[in-house]
Amino acid sequence: MTDLSAILTPEFVSTVLLPALIAGIAVSLCASLLGVSLVLKRCSMIGDGLSHVGYGTLCIAVALGWAPMQVTIPVVIVCAYILLRLSENSRLGGDTAIALFSTSALALGILVSSKANLTTDVSHYMFGSILAMTRGDVIFSVILSICVLLVYLLFYDKIFAVTFDENFARATGLNVRFYNLLIAVLTAVTVVLGMMMMGALLISSLMIFPAVTAMKLCKRFRGVVTAAVVISVSCFLLGLFLSLWLDTAVGASVILMNLAVFAASSLLQMLRRQAGK
Amino acid sequence: MAYITCKDITLRYESLTVQEHLSFTVEKGDYLCIVGENGSGKSTLMKCLLGLKSVDGGTLTFGDGLKRNEIGYLPQQSQIQRSFPASVREVVLSGCLNGHAIHPFYTKADKARADEQMACLNITALADRCYRELSGGQQQRVLLARALCATKKLLLLDEPLTGLDPLVAAELYGILRHIHDEHGITVIMVTHDVECAVRHAKTILHIGKDESFFGSCADYEKSAVGRRFLGDSLSPEHCANCVHYHSADCGCEAHRRAREEGSAS
């Protein structure tokens with residue numbers, strides 16, 4: 001355990017902690033919103049697959065000396081689109097397509113980075129480094145998160161319709177392909193942003209945990225979305241402070257916090273069922 | 001011109017051709033039931049009508065002022081929907097979305113329309129309940145209300161009665177009759193239940209592996225394929241040889257009479 005007052009110097013707070021807080025809250029918000037749709041559409045793994053692709057691209061970008069985020073985001077968006085089409089059309093099945101595609105991209109990235117002797121430079125994207133984000137990264141993350149949020153809110157009703165019953169939406173004349181693509185693009189952006197803070201290995205659980213916990217607690221779509229946002233942001237805050245206090249990895253602490261809340265809500269649900277009997 | 005005209009269409013399920021040279025029309029005000037054996041292409045046809053899939057040959061055209069975004073659809077319930085956290089109001093409202101492509105949110109008119117349809121189907125009291133906690137019959141009413149929000153003209157139903165007990169099924173048929181008669185909505189339904197189809201529909205489309213039929217209910221009951229299919233309902237208790245379908249050689253009294261009447265007319 002560390003003495004918090006010793007770490008929390010004014011300088012640390014303003015240059016490291018505050019930017020991390022702002023970026024973290026913004027990305028947690030986006031991740032939880034999209035997570036609800038992904039979980040309900042039964043494609044939770046797409047977040048995981050995209051994070052592998054993202055990590056592979058990051059490795060290549062760093063090896064070639066390009067700006068990591070600005071290169072990775074477009075590539076992951078294109079991959080999200082391809083994955084979506086693959087799971088729509090192929091006989092392989094969505095999850096198999098995701099697994100093949102994402103591990104290949106990951107392997108390619110690792111190959112390039114090992115050839116360029118970069119393995120230590122890129123390894124912090126594996127586990128995330130929210131406290132090491134530059135000011136530019138933070139501003140970039142916050143702007144993109146706001147865009148994701150606005151688009152999500154603007155299309156909220158249609159995203160509900162497409163998530164609840166794709167065939168009905170398509171049959172009654174809604175452009176389902178466009179909205180699926182929209183969800184995929186938003187997911188891609190969120191995954192890359194989240195990867196910088198939580199790491200490629202943990203970002204998909206940032207999307208899935210709050211959604212699953214919220215679904216245990218709420219019965220309405222709007223309620224689930226709201227609860228997921230609240231759970232996600234509070235778990236992030238608690239996880240971050242816990243990691244400072246106990247001097248542990250930020251990403252892992254946030255996920256374990258999510259796990260604790262999930263366990264508590266499962267228990268609550270069980271008790272409710274018992275009481276209902 | 002008819003609402004829907006199908007001319008010489010071919011239906012394929014994956015790479016297997018299940019129907020060829022199928023032609024029929026759906027007029028405004030029609031009540032069409034599509035019946036047939038499993039694997040004859042009923043669901044594939046429904047997908048084509050809904051625009052979820054294109055026909056593999058021939059032409060399918062919409063006419064009489066009917067547009068793609070003016071149809072309502074009551075699907076078979078999938079597993080995803082059954083565990084979906086959504087209130088009844090949210091589900092019903094989502095039927096209104098096809099009306100406005102540009103406006104991002106529900107309008108007052110949409111909300112009024114959803115309320116009206118919920119009242120029509122007697123589910124206003126359930127509006128704030130969770131969809132997944134309702135009974136099968138109630139869920140089907142909710143989905144029907146959503147379909148009615150999406151259309152004033154044409155309603156398509158894909159085996160809406162699967163898994164419902166007979167009492168609830170009868171109730172649903174009553175609601176459909178009301179919607180068809182009072183609101184002037186054209187109905188197309190895919191169903192397994194030939195007996196009820198004949199009782200409620202105006203027109204029957206029977207698609208089979210070998211023979212197909214399209215025409216009025218009365219003609220269907222007289223047709224060879226219709227008699228074979230309906231044979232079961234003539235008087236199954238008299239016939240130990242044909243539990244499922246009336247067969248040509250079962251030799252029981254009721255069926256012999258039915259055959260004679262059929263060949264006389």
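The exercises below, each with a worked solution, concern a predicted model and move through chain B before turning to its contact with chain A.

**Exercise 1. An overview of chain B**

State how many helices and strands there are in chain B, and what percentage of its residues is buried.

Solution. Begin with the elements: chain B has 10 helices and 9 strands. Next consider burial, where the buried residues make up 38% of the 265 residues in chain B. Finally, turn to the contacts in chain B with a separation of 6 or more, of which 63% are between residues 24 or more positions apart.

**Exercise 2. The sheet of 3 strands**

Work out the order of the strands in the open sheet of 3 strands in chain B, and explain why β2(B) and β4(B) each have one side without a neighbour in that sheet.

Solution. The order is β2-β1-β4, and the pairing is antiparallel. Because β2 (16-26) and β4 (59-62) of chain B stand at the edges, each has a single partner strand, and so one side of each is left without a neighbour in the sheet. From one strand to the next, the twist averages 30 degrees.

The pairing can then be followed in detail: strand β1(B), residues 4-13, is joined to β4(B) by 4 bridges, and the two run antiparallel. Within β4(B), the residue that stands opposite Ile4(B) is Phe62(B). A helix completes the picture, for α1(B), residues 42-50, lies across β1, β2 and β4 of chain B and runs at about 130 degrees to β1(B).

**Exercise 3. One residue of β2(B)**

Decide whether Val26(B) is buried or exposed, and list the residues that Val26(B) touches beyond its neighbours in sequence.

Solution. First locate the residue, which has its place in strand β2 of chain B. Counting around Val26(B) gives 25 other C-beta atoms within 10 Å, and since a residue counts as buried at 20 or more, Val26(B) is buried. When residues up to four places away in sequence are left out, Val26(B) touches Ala2(B), Tyr3(B), Ile4(B), Leu32(B), Thr186(B) and Ile188(B). As a last step, compare positions with Ala114(B), which is 88 residues away along the chain and whose C-alpha atom is separated from that of Val26(B) by 27 Å.

**Exercise 4. The two sides of α4(B)**

Identify the buried residues of α4(B), and explain why they are placed on the same side of this helix.

Solution. Helix α4(B) covers residues 108-120, and its 13 residues reach 18 Å from the first C-alpha to the last, close to the 18 Å expected at 1.5 Å a residue. The buried residues are Asp110(B), Arg113(B), Ala114(B), Gln117(B) and Met118(B). These residues cover an arc of only 135 degrees around the axis, and therefore they lie on the same side of α4(B). The general background is that an α-helix has 3.6 residues a turn, so residues three or four places apart point the same way.

On the other side of α4(B), the exposed residues are Lys108(B), Ala109(B), Ala112(B) and Ala119(B). The buried residues pack against α3 (88-93) and α5 (136-150) of chain B. Just after the helix, Asn122(B) takes a positive phi of about 65 degrees.

**Exercise 5. The sheet of 6 strands**

Give the order of the 6 strands in the open sheet of chain B, and then describe how β8(B) and β9(B) are joined.

Solution. The order is β5-β6-β7-β3-β8-β9, with mixed pairing. At the edges are β5 (71-74) and β9 of chain B, each of which pairs on one side only, while the twist averages 10 degrees from one strand to the next.

For the second part, β8(B), residues 203-207, and β9(B), residues 212-216, run antiparallel and are joined by 5 bridges. The two strands form a hairpin with 4 residues between them. Thr203(B) stands opposite Ser216(B), and Ile207(B) has Ser212(B) as its bridge partner. Elsewhere on the sheet, α5(B) lies across β5 and β6 (154-158) of chain B, running at about 170 degrees to β5(B).

**Exercise 6. The contact between the chains**

Find how many residues each chain gives to the contact, and which helix supplies the largest share of the side of chain A that touches chain B.

Solution. Chain A gives 23 residues and chain B gives 25 residues. On the side of chain A that touches chain B, α8 (156-164), α9 (166-171) and α12 (221-246) of chain A each supply at least two residues. The largest share, 5 residues, comes from α8(A). Sorted by class, this side of chain A has 13 nonpolar, 3 polar and 7 charged residues.

Conventions:
Residues numbered from 1 in each chain as written. Chains lettered and ligands numbered in written order. Predicted model: local features only at pLDDT ≥ 70, side-chain atom pairs only at ≥ 80, totals over all residues. Pairing = 2+ DSSP bridges. Axes fitted to C-alpha atoms, helices over the stretch in contact; angles between N-to-C directions. Contact = placed C-beta atoms within 7 Å. Expected span 1.5 Å × (residues − 1). Buried ≥ 20, exposed ≤ 12 C-beta atoms within 10 Å, placed from the backbone. Arc of directions from axis to C-beta. Nonpolar A, V, L, I, M, F, W, Y, C, P; charged D, E, K, R; others polar.
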